Amino acid sequence: MRFEDVLDDVGGFSTFQFLLLLILCLPRAILPLHFLLHNFVSATPPHRCALSGPEDKPVPAIRIPQQDNGSFSSCRVFDPTMSSNLSQENRTSPCPHGWDYDQSQFSSTTATEWDLVCDDKALNQALATYFFLGVTFGAILFGQLSDRFGRKSMLLVALVAATTLGITSAFSTSYIMFAVSRALCGVALSGLSIIGVVLGIEWTDVKHRTFTGTVMSVSWSVGNMLLALLAYCFRDWRHLLLAVTAPCVIAIISWWWLPESARWLLANGRRQEAAKYLHQCAKMNCRSTSRLTTETLAKVAESEVAVGTHSYLDLFKTPQLRKITLISGLFWFAVAFLYYGISFKISGFGVNIYLTHFIYGAIEAPAKILTFFILDWIGRRNGQAWFLITTAVLIAINTTIPLEFSVLRTCIAVVAKGFSEAAFTTAFLYSAELYPTILRQCGLGYTSCLCRIGSSLAPMVMLLEDVWPPLPPLIFAGTGIFSGSLVFLLPETLNIRLPENVVDVEEGR
């Protein structure tokens, strides 16, 4: 007897699961508030060299050199003041008195707080990389811990840590303190990312797993749109950090009503605790508990119990699981690489950045709802592959369109954002169905690790536009096409029972 049989008896998708999803959607909605926060807290507003003396207003051309497009330079000043003697060479130097910043959109950002512009602009972009490196480490850490100590307890640890470190980041007094606290906050938030999805799917029957994954993914889009509204209301980066951290407190309170994964409890031989939650599920779903006997659960536990202690090395020990691990890691890298490559590019389209970010978030919701129907039609494998390839092709097309066609470029970018989000939605669901229960959290921890490496590299790759403007989008496009093509080598999981152990994976269940 398998766990799905027991889940069907107590109700695989009814009131209990709806309440579970409602609670899990809050931590999921918190994630984009932090994952895409870099767009606003580290935004670089228009700036120029600060001038000393009464000539500061208006800016005289004899103090600041002009660029080819006629605008004043952001990083250079004449040294000494430009001479009217045309035979004398005019030399420029870096800004000796700091910078003046345009405060029409942001009253304060990390760029203005620590003057991370011009020669130091890479340090500002690196803040996103530090954060996602923390998320990368957190995926490994929480993947292992939640497989060993349970989903619910580790979710609480992640929530408390994210709240504490989010507040610490807001009160940072130096660049190093902010970078470290944001990286550690990324570690904690990674736990929210991978644990919530697994807990939701492990309580859902086969028929409704797609719906569960889609609903939780839509909550990300709601949080994404909420970020645009919060950023519009809070123009100071410290106030914005506190605003996006506040929902964590509500999530901690709601945690008390979460159940532990009965599937995980049985896989680890803890039958009594599993029975308690299964009885709660049956009672809430108005189902009979007559078949929830000790003997029944003993048979289920015997077929699913984890033998020994499993680790990430087990993902590579058998042929089929090794292939799944390698390819899923690659497509997760590409999914995040493309998604954040698009998401961090919210300027240059001729539209207000707050509105651009809101549109990016708004397009995700219908994309995910459409994904729900598409995945049940063409399957997980085809959906994952074609979503990635289509995103990459749209990015490549946008590269060929001249900058003056801002409306057309914005429309294509928004459609590409929708496909990239569809790829992200599919990746969570597809990966959870590929890995067996005893290694599922390790599998998602590993893929999330590769995913966050892609996230951390995206902002750094964007700096390559100083070398050649089309280079970053071409790198994004090539990565998407290559990884999407490899997905066709993976097995299909549509309407297939979740594998419980490595044997299920190797034998094709």
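Contact here means heavy atoms within 4.5 Å. The structure is a predicted model, in which local features need pLDDT of at least 70 and side-chain atom pairs count only at pLDDT 80 or more, while totals for chains, interfaces and linings use all residues. Residues are numbered from 1 along each chain as its sequence is written, and side-chain values use heavy atoms, with hydrogens and water left out.

**Exercise 1. The nonpolar cores**

Find which residues Leu278 is in contact with, leaving aside neighbours within four places in sequence, and then place Leu278 in its core.

Solution. Step one is to list the partners of Leu278, which are Phe3, Val6, Val10, Trp203, Ala262, Leu292 and Leu297. Step two needs the term nonpolar core, a set of buried Ala, Val, Leu, Ile, Met, Phe, Trp, Tyr and Cys residues joined through side-chain atoms within 4.5 Å; buried means under 20% relative accessible area, exposed means over 50%, and partly exposed lies in between, with a 1.4 Å probe and protein chains only. Step three is to look at the largest core, which has 139 residues, and in which Phe35, Leu189, Trp203, Leu278, Phe331, Tyr340 and Phe424 touch the most other members. A second, separate core has 10 residues, including Cys49 and Cys118.

**Exercise 2. Aromatic pairs between two helices**

Classify the ring pair of Phe331 and Tyr430, do the like for Trp332 and Phe428, and locate each pair in the chain.

Solution. Rings of Phe, Tyr and Trp (its six-membered ring) pair if their centres lie within 6.5 Å, and planes under 30 degrees apart count as stacked, over 60 as edge-to-face and the rest as tilted. By this rule the count comes to 32 aromatic pairs. For Phe331 and Tyr430 the ring centres are 6.1 Å apart and the planes stand at 15°, so this pair is stacked. Phe331 belongs to helix α14 (residues 319-343) and Tyr430 to helix α17 (residues 406-434), and the pair links these distant parts of the chain, 99 residues apart; helices are DSSP runs of H or I with at least four residues, strands are runs of E with at least two, and both are numbered from the N terminus. Phe331 is buried at a relative accessible area of 0%, and Tyr430 is also buried at 0%.

The pair of Trp332 and Phe428 is edge-to-face, with 4.8 Å centre to centre and 90° between the planes. Since Trp332 lies in helix α14 and Phe428 in helix α17, this pair ties together parts that are 96 residues apart in sequence. Both Trp332 and Phe428 are buried, and they belong to one aromatic cluster whose members include Phe35, Trp220, Tyr340 and Phe424.

A last step asks about charge over a ring, which requires NZ of Lys or CZ of Arg within 6 Å of the ring centre and within 35 degrees of the ring normal. Arg28 lies over the face of Phe428, at 4.3 Å from the ring centre, and Arg235 lies over the face of Tyr232 at 4.6 Å.

**Exercise 3. Cysteines, bonded and free**

Work out how many disulfides there are, and describe the setting of the cysteines.

Solution. A disulfide is a covalent bond between the sulfur atoms of two cysteines, and it is assigned here to a pair of cysteine sulfur atoms within 2.5 Å. By this rule the count comes to two disulfides. One joins Cys49 to Cys95, S to S 1.8 Å, and is left-handed with -60° about the S-S bond. Cys49 lies in strand β1 (residues 47-49) and Cys95 in the loop between β3 (92-94) and β4 (99-101), so the pair ties together parts that are 46 residues apart in sequence. Cys49 and Cys95 are both buried.

The other disulfide joins Cys75 to Cys118, S to S 2.0 Å, and because the torsion about its S-S bond is about -95°, this disulfide is left-handed. Cys75, at 25% relative accessibility, counts as partly exposed, whereas Cys118 is buried at 16%. With bonded cysteines counted along the chain, the disulfides follow the pattern 1-3, 2-4.

Cys233 is in no disulfide, the nearest cysteine sulfur being that of Cys248, 19 Å away. Cys233 is exposed, with a relative accessible area of 60%. The sulfur of Cys442 is 12 Å from the closest cysteine sulfur, in Cys449, which is too far for a bond, and Cys442 is buried at 1% relative accessibility.
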